[in-house]
Amino acid sequence: NSVSSEDRGRQIREIFRVFDAEDRGVCEEREVPTIVFALGLSPSLEELERIVDDIEGDEPSMFVEYDKVEKVILGVLQSDLTRRDPEDVILRAFRSLDKQNRGYLTEEEVREFMRRYGEAFIEEELDLVLGSAMDPETREVRYEDYAAILALDR
């Protein structure tokens, strides 16, 4: 793995601070999924629930401490959950969806594919995924560029 634990810890800390408004080393438990997605992870709903449960531990609360968040997420980042497909595999998948061979998919096409074939997403999750993948002006996912990003080791 090319990214050190120290660098990963720094990434987690930077994202966590966005939600730690009072700089007390805690954030609301409901923000954990956003932190996970902001780190470039895309767990299933079941995996995400397990991450939140692991962070909460034996004492569920509305707030979670940074130390617990960092420990659990560092573990996740070293697990199979972060294994990436090679860029050529990702490109082939996108190309198989692009029947017109345009080099992009529209927002609506991506939403339809994800609803029909992907995990059970709620609209907010679809918005998060599309927000990071879609060109805001054209509302298209240019998959040649996005496949390279998805294949990166984070």
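Helices of at least four residues and strands of at least two are taken from DSSP runs and numbered from the N terminus. With this convention, the reader can find a place such as that of Ala-21, which is in the loop between H1 and strand E1 (26–28). The structure shown here is a predicted model.

The loop residue Ala-21 is exposed, since its relative accessible area is 76% and the cut-off for exposure is over 50%. Ala-21 and Glu-47 are separated by 26 residues in sequence, and their C-alpha atoms are 27 Å apart in space.

Consider next the chain as a whole. The chain contains 8 helices and 4 strands, and from the N terminus on its elements run α-β-α-α-β-α-α-β-α-α-β-α. Its C-alpha atoms fill a box of roughly 50 × 35 × 30 Å along the principal axes. Of the 154 residues, 35% count as buried. The accessible surface comes to about 9,900 Å², and 48% of that surface belongs to carbon and sulfur atoms. Among contacts between residues at least 6 apart in sequence, 62% join residues at least 24 apart.

Aromatic rings offer examples of links between parts of the chain. A pair of aromatic rings is described by the distance of the centres and the angle of the planes. A search of the whole structure finds 3 aromatic pairs. In one of them, Phe-16 and Tyr-66 meet edge-to-face, with 5.1 Å from centre to centre and 70 degrees between the planes. Because Phe-16 lies in helix H1 (residues 5–19) and Tyr-66 in helix H4 (residues 66–77), this pair ties together parts that are 50 residues apart in sequence. Phe-16 counts as buried at 2% relative accessibility, and Tyr-66 counts as buried at 11%.

Another pair consists of Phe-94 and Tyr-143, which is stacked because the ring centres are 5.4 Å apart and the planes stand at 5 degrees. Phe-94 belongs to helix H5 (residues 87–97) and Tyr-143 to helix H8 (residues 143–151), so the pair ties together parts that are 49 residues apart in sequence. Phe-94 is buried, with a relative accessible area of 14%, and Tyr-143 is buried with 1%. Ring pairs also join Phe-94, Tyr-143 and Tyr-146 into a cluster.

A ring may also lie beneath a charge. The charged end of Arg-102 sits over the ring of Tyr-104, at 4.6 Å from the centre of that ring.

Helix H4 holds a further residue to examine, Glu-70. Glu-70 is buried, with a relative accessible area of 18%, because the cut-off for burial is under 20%. Apart from its neighbours within four places in sequence, Glu-70 is in contact with Gly-9, Ile-12 and Arg-13.

Helix H6 shows how buried residues can be arranged around an axis. An α-helix has 3.6 residues a turn, so residues three or four places apart point the same way. The buried residues of helix H6 (residues 107–117) are Glu-107, Val-110, Arg-111 and Met-114. Viewed down the axis of H6, these buried residues fall within an arc of 100 degrees, and therefore they line one face of the helix. They pack against strand E3 (105–106), helix H7 (123–133) and strand E4 (140–141). On the other side of H6, Arg-116 and Tyr-117 are exposed.

Conventions
Residues numbered from 1 in each chain as written. Predicted model: local features only at pLDDT ≥ 70, side-chain atom pairs only at ≥ 80, totals over all residues. Heavy atoms only, no water. Phe/Tyr/Trp six-rings, centres within 6.5 Å; stacked < 30°, edge-to-face > 60°. Buried < 20%, exposed > 50% of the residue type's maximum accessible area, 1.4 Å probe, protein only. Lys NZ or Arg CZ within 6 Å of the ring centre and 35° of its normal. Arc of directions from axis to C-beta. Contact = heavy atoms within 4.5 Å. Areas by Shrake-Rupley, 256 points an atom, 1.4 Å probe, with all protein chains shown as cover.
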